[in-house]
Structure formats: C-alpha cells, structure tokens
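I'm opening a fresh notebook page for this one. My plan is to go chain by chain, then look at where the chains meet.

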Amino acid sequence: MTYHHFVIPFNIGVAVLFAIILVKFTIWIVKLEPVDKKLIRKNFFSIKTLEAVKESFMEGLLHRKIFMVNPVLGYMHMSLAFGWFLLIVFGNFQAQFYTRTVIHPPHYPIFFNFFVTSPDEYLFKASFEFLMDLLLLFILTGLMIAITKRFYSRIVGLKKTTRLKFFDRLALGSLWLIFPLRLFAESFTSGIHHNGNFLTGTLGDAFAKFLPVEQLALPAWWGYSIALGAFFIALPYSRYMHIPAEILLIFLRSFGVRTRRNYSSYSDIEVRSCSRCGICIDACQINKSLGMNTIQSVYFLRSIRENNVDDEKLFTCMLCGRCENVCPVGIQLSDLRVTQRTKNGVRNTSSYDFLNPPPYKIADVVYFAGCMTHLTPAIKKSMLKIFDIAGVNYYFMDSDKEACCGRPLILSGHYENAAKLIDYNKKLIKKSKAKVLVTSCPICYKTFKEDYRLDIHVMHHTEYILKLVEVGILLLEKGDSRVVYHDPCELGRGLGIYEEPRILLEKVSRLLPSDDEKENALCCGGSLAGFNLSSAQKNAIRDDALASLMKSNPDKLITSCPLCKKTFSRGTKVQVQDIAELIASSAYVPEKKKISLKPEAEPVPVLS
Amino acid sequence: MTKKVVIIGGGIAGMEAASTLSRMNIDVLLIEKKQQLGGHVGEWDHLFPNFRNAREITRSLLYDLQDKHIKICTSTEITGISKKSGKFEVRTTQQQTFKADSILLSTGFDLFDARKKEEYGYGIYENVITSVDLEQKLKESNVLTMASGVIPKRIAMIHCVGSRDEKSGYFHCSKVCCITAVKQAIEVKQKLPHAEIFCFYMDLRMYGKKFEELYREAQEKWGIQFVRGRLSEAAENMDGSLQIKSEDTLSGRPLKMNVDLMVLMIGMVPSESTTFLGKMLGIHFSEDGFINHDDIHLENNLTNVPGIFTAGTVTSPMTITDTIADARSAALKIATYIS
Amino acid sequence: MKTEGKKRVWEDYQKEIAEDHYYFQRSCIRQNFFPGSETAFLKILTGELGRDIMDDPHHTTCTGIGYHADIVPFDTTMTVVARHFALMTENGYENMIISCVTSFGIYTEILETWKHFPEVLARARRYLKKATGREFNIPKNVTHASDIIYKFKDQIAAKAKYRLINQQTGEPLKVVEHIGCHYSKMFPSWGVGGAEFPYVLQGMVESWGGEVIDYPERRHCCGFGFRQYIVRANRGYSVANSKKKFESMKPYKPDFVVCNCPGCTMFMDKWQYTISEMEGKTYDEYGFGIPVLTYEEMAGLVLGYDPWELGLQMHQVQSEPLLDKMGIPYDPAEKYKTASGKTFRLPAEPTSLKVCV
Amino acid sequence: MKEFGFSITKDRQIDYDQNDHRLLNFVLENEPSFIVCISCGGCTATCSAGNLIDFNIRKLNILIRRGETEDLEREINKCMLCGKCMLVCPRGINTRNVILKIKEAIQKFR
C-alpha cells in the first residue's frame with residue numbers, strides 16, 4: 001500500500017508551499033537591481049555557489065551563529081531544522097531501500113511506518129528504524145525547549161521574545177503538533193503491528209496496554225498529515241518563511257549582492273529572512289539601558305513587512321551596529337534602517353549653493369578633522385603635531401570654513417543632499433593631488449570609504465599613525481598609564497578597525513582589557529543617528545557604557561572618535577583622550593636623524 | 001543694667017533681628033506702624049522657589065518673638081529721634097519716649113506705584129494688574145478671571161516694572177521679580193491649564209538657589225513662554241483685552257500680541273519711612289535712594305551714624321533668605337556695638 | 001476702561017494757558033491745505049471770545065520740516081525761532097500761540113534746550129543780533145492753538161449751535177482724536193493730559209457732546225515722518241502707518257477723526273484716498289472714508305459756521321455724511337464756489353473712494 | 001489700481017495673533033526639548049553652515065515660536081545636520097531632531 005486518503009492534506013500543503021515559494025523567489029530575483037543581477041550571472045558558476053551551499057548548511061540547518069550566542073537556543077534551532085532535515089533525508093533513503101526504487105510519492109517516506117507494517121527485511125532495516133526514532137527524539141527535545149521558551153524566555157538567555165501574528169500562531173501551533181502527532185501515530189501503529197523501535201516501539205507497547213490503539217492510529221495519522229499540511233500552507237505567510245528566504249539570501253549574498261542606499265528587492269529578501277529570533281533585542285543598548293523594547297531590529301523589520309514603519313522605530317536607533325553584529329542571519333540591519341529613513345523621511349532638497357571652495361593646497365596628505373573634531377581641539381592639535389614631527393606635507397582641508405562630510409545627512413535619510421556635500425569635498429580632495437586622506441572622525445571615515453569612491457588611500461588617524469610608526473618615522477615612548485580602549489561604533493563594527501589602535505596603545509601604555517570589546521563594544525550614546533533620544537536617555541546609555549569600561553579602574557579612557565570622547569568626558573572624572581592625543585604626547589623624533597622624504601614603494605601611504 | 005535696642009519696622013527683618021537679640025539677653029523694643037507684624041511677607045501667599053506658604057514664615061518668626069526681652073508696639077509711628085551722649089531717645093505717635101543704646105532700621109521697602117508707568121495703563125485698563133494684585137487673587141480665590149469674569153486665555157507677565165528703568169526713576173534691579181514672575185506664572189498655569197502665559201523680560205536674573213531650576217521647570221513642564229523685550233505700551237481692545245507691543249529682541253522684530261490679562265511685576269523702591277527716618281537721623285543714602293553702606297562688603301549692617309544699624313530691604317532689594325541672614329548679622333553687629 | 005484712572009493722569013498734566021493777548025504763529029501746512037482752519041481760529045478767538053490776538057504778516061516758516069528732514073541745521077532753526085520771539089517782543093506780546101504741531105515741537109525743543117544749555121541761548125541771541133539786529137524776550141507763555149480752544153471749550157459749548165451728536169439716533173458721535181507726536185510725546189508736560197492719554201482734543205469732544213473712542217493704535221504716528229514722506233520712495237512707510245491706524249479704528253466705526261496737527265490731518269485724510277486707490281479699501285461702512293477734521297473745523301461746525309466757509313470741501317474725504325449726522329445744513333451748489341462766486345476747478349473723482357459731488 | 005511710484009510697505013511687526021502656530025506645536029509635540037531654548041546662540045556660533053553663510057538657527061527657532069515661517073524652508077535647508085549645535089547646547093536640546101521635525105512640519109503644513 002502506498003496511498004491512503006489521509007495523505008491529501010500533506011500533499012496539498014507541499015504543493016502549495018512549493019508553488020508559493022517558486023513564485024516568491026521568481027518575483028524577488030526578477031525585481032533585483034540590474035547591478036545585482038549582473039553579480040549573480042558573474043558568480044553563479046564559481047566557487048561562491050559552493051560556499052553558499054556550505055553556509056546554507058551551517059546557518060540554515062546547524063545554526064552555527066545562534067549556537068555561538070547561546071548553545072541552548074542553538075540546540076533548539078538545530079534540532080528542529082537539522083533534525084527534521086535528516087528525518088526527511090533518511091526517511092527517503094529508508095523508503096528507497098525498502099522499495100528498491102528511487103522514485104516514490106512524496107508522502108510515502110513521510111508516512112512510511114503507516115504503509116510499511118510487515119516485518120519484511122530490507123537492507124539496514126534495524127539501523128534505519130533506530131535512526132528514525134533517534135531523530136524524532138532529537139527533534140522532540142528541541143521542541144520541548146521551544147515550548148518552554150515560549151512560556152519562559154529566560155531559560156535560553158533571552159530577555160525579550162518576539163510577539164506573534166495569526167499566521168505565525170497557525171504555523172507555530174501546527175509545528176508544535178507535527179512531531180508529537182508523528183510520535184503518537186507511529187507509536188499507535190507500532191502498538192498494533194510492532195514495527196517501532198526503541199521510542200515508538202516501547203511507547204506503542206505501553207499504549208496498547210490501556211488504549212484502543214487500533215481505533216486511535218488512523219486519526220493520529222490524519223492529524224499528523226493535517227498538521228504538516230497546515231504548517232506548509234501557513235509557512236509562506238508566517239515567520240517560517242525565513243527558512244526558504246534565508247537560503248536564497250545566503251546564495252545572493254555570497255554572489256556579492258547587498259542592500260545599498262535604497263530599499264531593493266534584496267532588502268526585501270533580507271527583511272523576509274529574519275527568523276524573529278530576538279537576539280537583536282538583547283544586544284540593543286536602547287533595550288538594556290533605557291528599557292525601551294519596541295524599536296529593535298526584529299520589530300523594525302516586522303514594521304517594514306507590515307508597512308507601518310513609524311518615526312520612533314526609524315529615528316530612535318543609534319545605528320551602532322550591535323544588532324547586526326549578532327544577527328544569525330547576517331541581515332544588514334543598519335543599512336536597512338537608513339534605506340527606510342530615506343524612504344519614509346522628509347523629502348526636501350538643499351542646494352548648499354553657499355559652498356564656495358576655499359583656497360586649497362597641493363600636498364601629500366589631506367587631513368580632514370571633521371566637524372566634531374573642531375569641538376575637541378586637542379585631537380586636532382595632536383594630529384597637527386604628529387604631522388609636524390613626522391615632517392609630513394599635509395593640507396588641512398577643513399581648518400576653517402568646513403563643510404560637513406555628508407554622513408550625518410545620510411544617517412538621517414537625506415542621501416541626495418549629502419551627495420552635494422560629497423561632491424564639494426571630493427573636488428577639494430582631488431585638487432590637492434594628495435595620495436592619502438586622513439580623518440580624525442570615524443563618522444567621516446565611514447562615508448569617505450563608502451560613499452566618496454576616492455582613488456586614494458582613505459585612513460582613519462589610528463591607521464595612519466600606525467603606518468608612521470611602522471615605517472619608523474614616528475618613534476613612541478612607552479608610558480606606564482593604565483588605559484582602557486573604547487571601540488567607536490563606526491570605526492570598529494563599521495569598518496573593522498580593531499587592531500591598529502590596540503597595537504599603538506600597547507606601544508605607549510598599559511592596555512587593559514574590558515568586558516565589551518571590539519565587535520561587542522558598547523555605543524557611547526552620542527551617536528548622530530539616534531535622532532529621537534533625549535539627552536537624559538543618551539546619558540543613561542553613556543553611563544552604562546562607562547560603567548563597563550571603568551571596571552578595570554583605568555587611569556585613562558582612550559577612544560578614537562571625537563564624538564565618543566566628548567560624550568564620555570562629560571560623564572566621568574577619569575581623563576578621556578583620543579588615541580592621537582596620547583600618541584602625540586609620547587611621540588618623538590630621534591636626535592640628528594633626518595627623515596628621508598623620498599618616494600618609497602607602495603603601500604606606504606605616508607609619502608608621495 | 002541690660003542694654004536696650006529699638007527696632008523700627010516689624011517686617012521679617014525686624015522680627016528676626018528682635019528674636020536674635022533677645023536670645024543674647026538684650027532688651028528689644030519692636031516698633032511697627034501697622035496693626036500687625038510681618039510686613040510685605042505677611043500679605044503674600046506663596047513663596048518662591050518652593051511654593052511654600054508665606055504664613056509659615058511669619059508664624060515661625062512670631063513664635064520666636066515670645067520672649068521676656070521683647071516688647072512690641074504696633075500701630076506706632078516714630079515722630080522724632082535724638083541722640084544724647086551716645087544714647088538715643090525715640091519719640092512716637094503714641095506720645096511715648098523710649099531710650100535706646102542702639103537703633104535698628106528695618107523699615108523695608110515700598111512697592112513701585114505701577115500707575116507711574118502710564119503707558120501700561122494700570123488703573124486705567126481693567127485687565128492690567130500688578131504682581132501684588134495677582135498674589136492677592138491667588139490667595140483669595142481659586143479661580144483667576146478677567147475683570148469681566150471671563151477666564152483669561154492668554155496672560156502676559158511684564159518684568160521690570162519700576163526697576164532698571166530711568167523713566168520710572170529707578171535704576172536698580174529689584175532682584176525678586178524675575179523669579180516671582182516665574183513662580184506666579186506656574187501658579188496661574190496650575191489654575192488655568194489651558195492658558196498661554198508669556199513672560200516679557202529684559203534679562204532673566206535667576207541667581208538664587210533653585211531659581212534656574214524653577215525657570216526651566218516653567219518652560220519644560222508648564223510650557224510658559226519667555227519673550228525678551230521690554231513692553232513699549234499697552235492699549236485696550238474693544239473686548240477689554242489688551243494689545244501689547246514690544247520688540248522681540250531675539251529675532252530683532254517688533255511684536256504685537258493680544259492678551260486677556262497683563263500682570264506687572266512691580267519692583268521694590270525705598271520706603272517712605274526709611275527716607276523720613278534716614279533724613280531725620282542724617283543717614284547717607286546711595287543714588288538709588290536706599291540706605292548707603294560705606295563698606296559694602298564688610299560692614300553691610302552699619303550706617304554712617306554710630307549706633308544706627310540696618311537690616312533687610314532698607315539698603316537694597318532682597319529675597320527672604322537674604323533678609324533673614326541680614327537681620328541675624330545686624331543683631332550680631334548691634335550686640336558687639338553695645339557691649 | 002477706568003475713567004477715574006485717566007482723570008488722575010490728566011490731573012498730573014495740566015499746563016498754564018494764558019488768558020489773553022496772544023501773538024499768533026501760523027502753520028505752513030494748515031494754511032495751505034486747510035485754509036479755513038486758521039481763519040476760523042482767529043474768528044473764534046476774536047469774534048466769539050473777544051480776545052486780543054496778533055496775526056503778524058512778518059513771520060515766516062519755523063523751518064521745522066526742513067529741520068526734521070535734515071536740511072536746515074539746528075542753529076538756523078533756532079535763529080528763525082528767535083526772530084519770531086523778537087517780532088513778538090517788538091509788538092509788545094508775551095504769550096505765543098503756535099498753530100502747527102511741528103512748529104510747537106520746534107519751539108518746545110528750543111526752549112528746553114535753552115533752559116538746560118544757557119550757552120545755546122546766548123548763541124541764539126548773538127546770531128539773531130548779527131543777522132537782523134534784533135533782540136528778544138522768551139515768551140511768558142507758549143501754547144499750541146489747540147490748547148487755547150481746549151481752554152475755552154466750555155465757553156464754545158455754551159455758544160454751540162450744533163453738538164457732536166448724531167441727530168438721527170441721539171447718540172454721541174464717535175470721535176477718533178489724534179494728537180501730533182510733537183505736541184506732547186517729546187515733552188509730555190507741555191501737552192494737556194500728557195503723552196499717553198492726552199486730553200486736549202478729548203476735552204473738546206466731550207465738552208461738545210461727542211464720545212472719544214480709545215482704539216489700540218491710538219498712540220501710533222500718522223506716518224508723516226518728514227523724511228518718510230518727502231522722499232517718494234519712502235512714502236510706502238508713511239502710508240503703512242496711517243493704514244495701521246485705520247485698520248485698528250475701523251471696528252469702532254468712528255464718525256470722524258479730529259487732529260491737532262496739520263500734518264496728521266493731511267495724511268490721515270489723503271492717505272485714505274491713496275489706500276483706496278492702491279488696495280480698494282475704505283474704512284467706513286459706506287465707502288466714503290472717515291472724515292478727518294482739524295479741531296478748528298470741529299469748533300467751527302459746533303459754532304454753526306458754514307461748512308464751505310470752513311473749507312471742508314478742501315479735504316479728500318468729504319464730510320457731507322458727517323454734516324447730515326450732525327444735522328448741519330449745507331448747499332451743495334455752493335461747495336465749489338469761490339468768494340467771488342466763481343466755480344473753481346472740480347477735483348477729479350477717485351476710483352473707489354465715494355464722494356458727494 | 002493707480003501707480004503712485006511707491007507701494008504700501010509691509011509691516012515688519014510680528015502679529016502674533018494672525019500667525020499660524022501649527023508648525024510650532026507640531027515641533028513641540030514631537031521634540032519637547034525644543035521648549036527649553038534660552039536663545040543663548042551657542043548653536044549659531046558653532047554652526048558649520050553658519051560659518052559659511054548667513055544662517056542663524058537660533059533666530060529661526062525664535063521666529064518659529066512667534067509663528068513667523070516665511071522663508072523658513074529656504075533657510076532650514078542650509079543646515080547640513082552635522083550635529084555640532086547639539087554638542088554645544090547648554091540645555092540639552094535635541095537640535096538635530098528639531099530640524100528634522102521642522103522639515104517635516106514644513107511639508108505637512110505647506
């Protein structure tokens with residue numbers, strides 16, 4: 001026997017699911033930006049596809065990243081995803097071994113224990129029966145954690161779990177029923193036919209003693225099939241759509257597709273790939289320090305899906321990138337937020353026609369201090385001192401009448417307006433004929449790197465100073481102050497500069513570790529992106545970040561962002577310095593040793 | 001023989017000085033021309049910066065006056081004072097004569113007569129009142145209305161009326177009006193939550209403890225608006241509301257606005273009693289009309305006449321806090337002098 | 001409005017006004033634009049009140065307009081004024097009546113200057129002596145012509161043929177009184193009632209049965225402003241001021257405006273035409289505009305003088321509706337007749353302002 | 001209409017009662033910190049755009065309070081949102097959000 005009416009719900013479910021996914025995937029791919037389509041064509045037949053397969057396996061099934069954040073949560077996701085995957089794979093093998101054919105109806109392996117009740121032998125029968133029971137047990141343990149999590153989130157380390165909608169409830173309910181029903185169906189059948197293994201067999205025997213298993217078996221199979229069918233139909237409209245979407249996302253991402261300035265089809269795939277795991281809620285300082293838990297990425301993405309993005313969700317976020325850092329799916333959460341600010345924000349155009357280029361200077365290095373640096377003049381002064389000590393021919397581009405770099409406008413969703421500032425600054429940079437652009441502000445740095453498309457080196461001063469030290473132009477004296485380093489969001493998570501400052505600090509001080517370092521660094525709260533935060537709220541965020549940094553009781557707090565410096569120095573009596581200040585006070589030029597300013601080979605960007 | 005001090009003026013300065021001296025076993029005669037002690041504070045409702053009931057102050061000061069060293073003459077005015085061999089002889093309207101080793105002048109201040117600012121129309125326009133009128137209204141009634149009985153929708157508080165104004169004849173700053181305006185604005189807003197309140201100021205002098213905080217609270221919590229500009233004139237509209245004009249100096253533009261009620265924050269001016277007694281005693285006055293100190297830092301309770309001391313607002317406008325401190329310091333100076 | 005409050009202010013600003021024997025100073029603007037006014041003034045003083053007043057053909061302009069337009073220097077103006085004092089002295093008079101408010105401002109400014117800076121007075125005497133060989137006494141009493149009418153308002157009321165009462169309704173006429181800025185705004189104590197609540201015109205209106213309306217922009221300048229008017233490009237500023245006043249008084253439905261300054265009378269009157277031409281707006285109910293009278297014309301109407309003798313037809317805003325309200329008879333046929341019986345050239349008709357032809 | 005060679009000058013006076021205060025109310029509602037401005041001018045002094053052109057954000061804020069919003073759009077667009085004003089504001093006003101809200105209000109009540 002290979003068919004019974006009860007398989008109909010399952011088959012309908014499968015058909016609907018595949019049809020919908022096919023349609024959705026097609027629409028997504030067709031709607032992709034031309035540049036993205038080009039990337040797909042270019043990379044489809046390359047090693048990148050294999051990498052994507054591997055990543056799909058690691059993330060989609062094993063949930064490696066969730067494991068790393070929280071092993072219990074990781075196990076839960078893995079048992080359900082990977083366990084079910086194996087159940088299907090081995091179920092098919094079992095069916096193939098039993099029927100000795102490759103092709104059979106899709107429902108056949110799923111309901112194998114209903115159709116195959118005879119004690120006929122086939123290859124690896126015992127092993128298959130044991131494995132199938134083991135996998136079922138594996139899934140059921142995960143399911144138990146999931147159910148527990150729903151009722152008591154803390155056990156898996158999450159403080160706040162996500163809230164559900166109708167299709168989510170339908171999908172979740174049916175998902176919860178699928179495996180218990182399979183357990184009962186197989187157990188009851190085993191109670192009649194004794195075709196179960198250690199789990200279903202034992203349970204079947206036990207049930208047979210006090211239950212009318214013969215009457216119960218068929219309804220249980222019906223239930224199992226209906227639960228599956230319901231789940232498959234609900235899936236595309238529920239959070240579980242993230243499963244297929246994430247796989248597509250992984251492939252597109254490995255081909256180089258990204259969310260750029262505007263919300264694209266790829267952004268939509270990212271939004272649909274969110275598994276609502278809620279890990280972002282815990283990472284968010286606005287949740288931790290302010291107790292505000294309505295704006296986090298998981299809710300933000302939902303508001304995009306439900307088309308009800310509001311100002312609070314858009315503009316409260318500081319775009320610190322901590323959520324993006326922990327997101328198991330690797331969604332570009334900060335960029336997505338910016339695209340939505342652009343889309344939903346105020347539309348107006350500024351001409352900035354008052355910008356008249358000041359006199360420029362031909363130089364090797366262009367120094368752009370940045371607006372914020374002008375309010376922390378010690379940084380500016382230190383950088384000029386370092387340039388002088390190193391004998392660098394530099395052009396201080398924004399020494400007096402400065403235009404903004406444009407990043408604050410981008411963060412507010414005014415990319416078109418920012419483009420005008422970018423254009424203006426770019427012309428000045430080009431005119432100077434410099435080979436290197438050095439900036440003291442990570443906010444500027446980020447936009448110089450990402451939006452300016454300059455054909456010269458763009459460096460934050462931490463990188464640049466390190467280069468000077470490495471080529472021996474700048475000598476540093478080791479000091480004994482105990483310092484702790486704060487990674488600015490835009491420099492660290494934003495552009496991955498973690499090591500350069502640490503190498504420098506090791507040279508001039510005693511660098512102490514801190515709890516939240518590098519990728520996990522806390523935001524100072526001063527962010528130019530958090531438009532909606534009051535100064536009291538910003539102070540609360542700052543104070544929590546300070547508390548973490550001050551645990552080791554350092555002599556100085558070192559950072560490499562003028563805004564972080566300004567923000568922190570208002571909240572602590574401990575001296576807060578920019579790395580440039582510390583270096584400038586430790587730097588010296590060796591006696592009588594003249595520095596050669598002749599051109600050198602690449603990639604030394606100091607000299608022309 | 002116990003020494004005796006005559007204190008002229010039974011406001012809070014005189015009261016506090018009297019009780020301080022009595023605690024030093026010095027006999028005190030406290031003379032007040034009104035029926036009751038307490039002066040201006042006795043007529044006030046609530047005090048800045050914490051909205052404390054003013055009666056608590058006078059009650060507490062009165063309690064401290066119950067002492068065998070203290071004799072009080074109310075409804076008594078001074079007709080003459082003479083000095084013979086270091087002793088003073090004080091004659092009163094009650095035909096009494098008192099001998100004293102020292103005299104403390106605590107005759108306080110008078111309120112600026114707002115009618116002198118003709119262009120603001122006090123006494124002419126029905127809906128122009130002074131801060132003192134407002135305080136009385138707040139004290140007596142739970143509702144604040146226009147003359148017609150209608151609830152005002154917009155109220156303007158006009159700072160520096162009779163202060164810092166050459167045209168009124170007073171150059172000095174009365175010190176308490178800014179914070180009083182803020183206090184009263186908040187009280188009005190509490191009574192009339194839907195009213196718009198504007199303070200027209202020249203400078204906001206929030207120098208005292210908790211003053212700046214109250215100012216900020218007025219903005220933040222009560223939505224009171226502040227316009228920097230001196231009112232040039234007020235005119236009455238048909239409905240009795242007022243059209244006021246000022247420069248909005250912070251935007252550099254003239255401003256015209258209709259308000260239902262206008263409150264003039266009247267300043268403190270030298271009291272007639274002080275001027276009368278000071279002239280009689282040959283005391284030096286400074287240009288502002290208040291009693292002068294030769295040494296403004298170290299001898300700020302002394303006058304140019306030995307044996308005559310000052311406490312409180314006879315020398316310049318003061319807050320209650322400063323007046324009390326000044327009275328205590330005067331008592332100490334007197335005690336040192338007469339021993 | 002509390003009248004007792006106003007009365008208290010008025011009591012503070014009482015000025016001494018001479019009883020008799022006046023030396024009269026005419027006004028350039030008034031005699032040119034409202035020629036009936038000064039004639040009526042002299043007629044009232046001599047005819048009705050039996051006072052001695054000298055109308056001296058030898059005096060000149062006070063130079064006030066030139067002075068305020070930055071054309072004539074102070075010392076020149078001062079010397080011209082000194083000459084007028086000399087004329088007065090030579091003719092044996094001690095009390096001076098000044099018809100023009102600009103002149104009145106000039107005289108008070110000079111007298112106050114002399115009071116505070118005796119050396120300036122000495123200089124004035126020197127200049128006058130050098131230029132004309134004349135010497136002068138400072139007048140004992142200097143008043144504006146409106147002060148005189150104010151002083152005798154009750155005597156005029158006693159002789160009144162008409163009162164400022166709407167004959168149809170029996171209600172007092174609603175009058176806007178407008179005081180020239182230079183009457184009392186510079187030196188409040190020189191004006192009856194002071195600067196904030198001047199009483200000089202209000203006293204007349206009340207005495208003759210009318211009711212003064214106190215509208216918000218009462219204090220505002222008419223907009224003459226000398227330099228503002230004299231330079232054509234600046235006239236927009238001037239007219240804007242009058243407009244502000246008209247907008248403010250309109251809701252009170254005034255029956256007429258009375259001014260004590262010739263400049264104000266002229267601009268309050270003529271700008272109504274300008275505004276009507278530029279914006280099509282008039283400020284009375286029927287499109288005739290609000291008549292603007294001098295106080296002499298008002299007094300003349302009360303005393304029953306012929307409106308055309310008074311020169312009301314010389315105004316831009318025509319006063320027939322007002323005459324009708326007061327019940328004053330007039331002959332339309334006589335309106336534009338000269339003394340010799342000829343009809344003079346009729347004025348062109350305005351576009352939107354209604355006139356009675 | 002006759003041509004006299006001049007026009008009636010427009011009043012510079014702020015007529016508070018005639019002005020529209022919706023924009024102000026919208027900004028106050030959405031960024032309440034706006035109310036505590038004391039017009040110290042720190043924002044204007046540090047302003048990047050103000051350093052380059054006649055742009056006085058302090059004055060604009062006052063004009064908004066009085067309901068004077070003519071030219072506001074052209075003026076506010078000079079802002080580069082760099083955020084220096086926020087760092088210097090002694091009263092902790094969220095100046096950048098104020099500007100965003102002003103822009104939003106301009107669009108809303110245009």
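**Entry 1: a sheet in chain C.** A note to self before anything else: this is a predicted model. I began with chain C, where four strands make an open sheet in the order 2-1-3-4, with parallel pairing. Which strands sit at the edges? I found strand 2 (53–55) and strand 4 (141–144) of chain C there, each pairing on one side only. I also looked up the twist: neighbouring strands of this sheet are turned by 25° against each other on average, ignoring direction.

**Entry 2: zooming in on one pair.** Next I picked strand 1 (residues 22–25) of chain C and followed it to strand 2 of chain C. The two run parallel and are joined by three bridges. For a single spot to click on, I noted that F24(C) stands opposite D55(C), which belongs to strand 2 of chain C. I jotted down a textbook reminder here: strands of a sheet pair through backbone hydrogen bonds, either parallel or antiparallel.

What packs on this sheet? I found helix 6 (residues 101–116) of chain C, which touches strand 1, strand 3 (95–98) and strand 4 of chain C. Its direction makes about 150° with that of strand 4 of chain C.

**Entry 3: over to chain B.** I checked the confidence before reading any detail. Chain B averages a pLDDT of 95, and 100% of its residues score at least 70. Where is confidence lowest and where is it highest in chain B? I got strand 6 (residues 78–84) of chain B at the low end, with a mean of 91, and strand 18 (residues 261–266) of chain B at the high end, with 98.

Then I looked for a sheet in chain B. I found an open one with five strands in the order 5-2-1-9-20, and the pairing is parallel. Strand 5 (70–73) and strand 20 (308–310) of chain B are the edge strands, pairing on one side only. Neighbouring strands of this sheet are turned by 20° against each other on average, direction ignored.

I traced one pair here too. Strand 1 (residues 4–8) and strand 2 (residues 27–31) of chain B pair in the parallel sense, over five bridges. One residue to look at is I8(B), whose bridge partner in strand 2 of chain B is I31(B). Helix 1 (residues 12–23) of chain B lies across strand 1, strand 2, strand 5 and strand 9 (102–105) of chain B. Against strand 2 of chain B, that helix runs at about 165°.

**Entry 4: chain A as a whole.** I counted up next: chain A has 30 helices and 10 strands. Its C-alpha trace spans about 95 × 50 × 50 Å along the principal axes. Of the 608 residues of chain A, 50% count as buried. I also checked how far contacts reach along the sequence. Among contacts in chain A between residues at least 6 apart in sequence, 74% join residues at least 24 apart.

**Entry 5: domains of chain A.** How is chain A divided? I listed domain 1 (7–31 + 63–237), domain 2 (243–343), domain 3 (365–470) and domain 4 (475–588). I stayed with two of them: the C-alpha centres of domain 1 and domain 2 of chain A lie 30 Å apart. Their contact takes 13 residues from domain 1 of chain A and 16 residues from domain 2 of chain A.

On the domain 1 side, helix 1 (7–31) and helix 4 (64–69) of chain A are the elements giving two or more residues. Helix 1 of chain A gives the most, with four residues. By class, that side has six nonpolar, three polar and four charged residues.

**Entry 6: where chain D meets its neighbours.** I started with chain A, where 21 residues are in contact with 23 residues of chain D. On the chain D side, helix 5 (84–88) and helix 6 (95–108) of chain D each supply at least two residues. Which one has the largest share? I noted helix 6 of chain D, with six residues. The classes on this side of chain D come to eight nonpolar, 10 polar and five charged residues.

Last, I turned to chains C and D. Their contact takes 12 residues from chain C and nine residues from chain D. Helix 13 (235–249) and helix 14 (262–279) of chain C are the elements that give two or more residues on the chain C side. The largest share, six residues, comes from helix 13 of chain C. I sorted that side of chain C by class as well: five nonpolar, three polar and four charged residues.

How values were computed: Residues numbered from 1 in each chain as written. Chains lettered and ligands numbered in written order. Predicted model: local features only at pLDDT ≥ 70, side-chain atom pairs only at ≥ 80, totals over all residues. Domains from an automatic or database assignment. Contact = placed C-beta atoms within 7 Å. Nonpolar A, V, L, I, M, F, W, Y, C, P; charged D, E, K, R; others polar. Pairing = 2+ DSSP bridges. Axes fitted to C-alpha atoms, helices over the stretch in contact; angles between N-to-C directions. Buried ≥ 20, exposed ≤ 12 C-beta atoms within 10 Å, placed from the backbone. pLDDT = per-residue confidence, 0-100.
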